[in-house]
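Colleague: I am new to this one, so could you walk me through it and tell me what the labels rest on?

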Amino acid sequence: MAQITLDGIRHSYLAAPSGEQDWALKNMDMVWEDGGAYALLGSSGCGKTTLLNIISGLLMPTAGRVLFGEKEVTALPPDQRNIAQVFQFPVVYDTMTVYDNLAFPLRNRGLDEKTVDARVQEIAAMIDLTSSLHNRAAGLTADGKQKISLGRGLVRSDVNAILFDEPLTVIDPHLKWQLRSKLKELHHRVGATMIYVTHDQTEAMTFADQVVVMHGGRVVQAGTPVELFETPAHTFVGHFIGSPGMNILPAHICDGQVVTQGTVVLTTAGQRVAAQSGARLEVGVRPEHVYFAREGIEVEVLKVADSGRFRIVDTRHEQQLIRVLLSEAEPVPQGSARVAFRAEKTHLYVDQWRLTKGGDLR
Amino acid sequence: MITKTRNQKAWFLVLPVILLVAFNAIIPLMTVVNYSVQETFGDNLFFWEGVRWFEEVLHSPRFHEALVRQLTFTGIILLIEIPLGVMIALQMPRSGPWVSVCLVLMALPLLIPWNVVGAMWNIFALPDIGLLGRVLNATGLDYNFTRDPLAAWVTVILMDVWHWTSLVVLLAYAGLSSIPDAYYQAARIDGASRWAIFRYIQLPKMKRVLTIAVLLRFMDSFMIYTEPFVLTGGGPGNATTFLSIDLVKTALGQFDLGPAAAMSLIYFLIILLLSWLFYTLTMRNEGH
């Protein structure tokens with residue numbers, strides 16, 4: 001087991017990348033702590049799978065280094081990295097039994113049958129496959145097959161990390177939850193670093209201690225689910241995390257104060273961006289932190305959606321949509337109303353990156 | 001029990017197919033059955049003979065020899081074409097511009113009319129003017145397929161391998177392309193050797209198409225007629241007289257329609273039986 005370090009990783013699938021858009025991964029420095037449970041979250045095509053394949057060694061990065069602990073492994077093939085990877089679609093060796101499937105990685109490494117048997121029995125018990133060990137693997141259901149894929153990774157005692165590439169895509173909804181708790185439990189028992197790629201935020205939030213959000217070939221934020229929710233570092237994170245996503249409104253500075261929709265929403269942040277004129281300014285506030293008030297932005301209430309304990313109210317100021325989240329007890333005004341933002345939960349974004357209290361971006 | 005209103009009108013929809021099959025398969029087959037149990041001297045005069053022709057054919061050394069030749073030939077070409085086809089398919093690129101080039105090159109032999117294939121190889125292999133014949137003789141080998149049975153066999157087998165391996169390649173390639181990348185990636189992570197990848201991923205995934213390939217090649221080679229007829233005419237002597245050539249000699253050369261009909265039925269049943277046996281055995285373990 002080891003800490004995984006990505007040092008200046010860049011990757012392009014083209015032989016001669018010219019512009020920014022040719023890079024699937026744009027300069028990435030990351031440290032994955034030993035034993036951590038990470039989720040890699042992002043929309044399709046943002047480079048999640050590319051990053052995963054670089055860590056497992058299926059892909060050689062165009063530039064940069066991959067380190068396991070102190071050892072550089074950039075040029076090592078996957079089988080020498082002691083990595084396990086579970087793919088989107090279950091991979092099982094059809095002609096073999098469940099037992100032989102689990103034994104396969106060990107036999108390939110030339111272990112004696114006694115050791116193989118002990119390990120296989122132990123892992124089978126861990127993933128609840130003991131009773132079907134001698135069945136043909138091809139006959140299992142999708143979640144059983146996915147367990148075999150996982151088991152083939154766990155069976156090696158020297159695994160550095162287990163990588164999951166959207167492993168629950170083909171699993172029935174009611175089994176997803178079960179399998180996910182199983183993964184969590186295994187993480188505690190095995191203690192290996194786990195990196196879990198998904199585009200489903202619920203999956204990411206329930207699985208991981210640290211969620212890494214990727215967008216356009218970059219890591220835009222890495223943090224706990226609460227951090228991602230409360231202080232999104234990038235407008236993409238605000239938009240992507242949370243349901244409904246963050247309200248992102250165009251803004252400008254007037255007399256050192258931040259103004260959106262003709263109304264001052266932040267009184268202090270303005271001075272800090274004065275130096276960065278010419279940049280695109282936006283204000284981000286979660287619907288949870290928007291409320292109906294006497295003073296504020298004048299809006300028209302468009303529609304109310306009931307989502308159980310909450311109501312999502314769509315309002316509009318001129319052409320701008322502003323969402324408000326109300327608990328079921330709160331009254332919803334009719335027709336025109338005014339909304340205000342909780343200032344301490346309202347963030348200013350400069351060219352999509354959040355302006356911190358210290359005046360830095362992100 | 002749920003009672004359903006029975007509607008028989010749907011039969012009309014399958015009627016065209018039934019008629020088509022009747023005209024191109026059932027009726028001709030029944031005509032052959034008709035000939036096989038009677039003796040005819042032309043003028044539509046028929047005499048009932050029962051199973052006599054069948055007994056005669058089954059006991060004739062001529063039929064036995066042709067059958068042995070046929071089985072040997074089919075066995076040899078299957079043993080060559082299936083592994084060779086799989087090997088070539090494994091070497092073919094999986095993506096890029098060369099894919100279509102390879103596929104077209106592979107499909108070429110399949111597009112040539114069978115009698116042309118025979119004629120081509122005949123000229124190609126002639127010891128005095130053919131490229132192959134001249135080259136072989138120049139290296140000191142005494143090669144003459146019109147005189148030497150062994151040379152004739154080698155030539156017929158070479159021709160069939162050249163003509164039909166492509167079919168196996170195309171089928172195997174189709175099987176290989178259907179394997180998702182994740183399998184190869186998982187195998188690399190599991191530390192599988194090249195052989196293990198072939199044995200546990202590629203071969204199982206090709207099983208169905210290879211079954212079809214073996215069946216097609218078995219049936220086609222068992223019926224082979226045109227190419228050896230044009231190339232060797234069944235000779236030298238009877239060395240390359242396979243079942244179909246023997247059958248045509250009996251039916252059209254000697255006008256023994258009864259024995260020829262009995263022979264074709266026996267021959268049809270052999271193909272049917274062997275194909276069924278092979279298919280049942282290979283598919284026995286499918287499903288769960």
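**Cores and a buried strand**

Modeller: Happily! In the largest nonpolar core, which has 76 residues, Tyr38(A), Ala39(A), Leu40(A), Ile195(A) and Tyr196(A) touch the most other members. This is a predicted model, where local features need pLDDT of at least 70, side-chain atom pairs count only at pLDDT 80 or more, and totals for chains, interfaces and linings use all residues. Residues are numbered from 1 along each chain as its sequence is written, while chains are lettered from A and ligands numbered from 1 in the order in which they are written.

Colleague: What makes a set of residues a nonpolar core?

Modeller: Its members are buried Ala, Val, Leu, Ile, Met, Phe, Trp, Tyr and Cys residues joined through C-beta atoms within 7 Å. A second, separate core of 21 residues includes Ile248(A), Ala251(A), Val258(A) and Tyr349(A).

Colleague: Why is strand S15 of chain A called largely enclosed?

Modeller: A residue is buried if 20 or more other C-beta atoms, placed from the backbone, lie within 10 Å of its own (exposed: 12 or fewer; partly exposed: in between). Five of the five residues of S15(A), 281-285, are buried, so the strand is largely enclosed by the rest of the structure. Strands (E, at least two residues) are DSSP runs, numbered from the N terminus.

Colleague: How do you know which strands pair with S15(A)?

Modeller: Pairing requires that DSSP finds at least two bridges between two strands. S11(A), residues 247-250, pairs with S15(A) in the antiparallel sense over four bridges, and S20(A), residues 347-350, also pairs with S15(A) in the antiparallel sense over four bridges. Glu282(A) stands opposite Tyr349(A) in S20(A).
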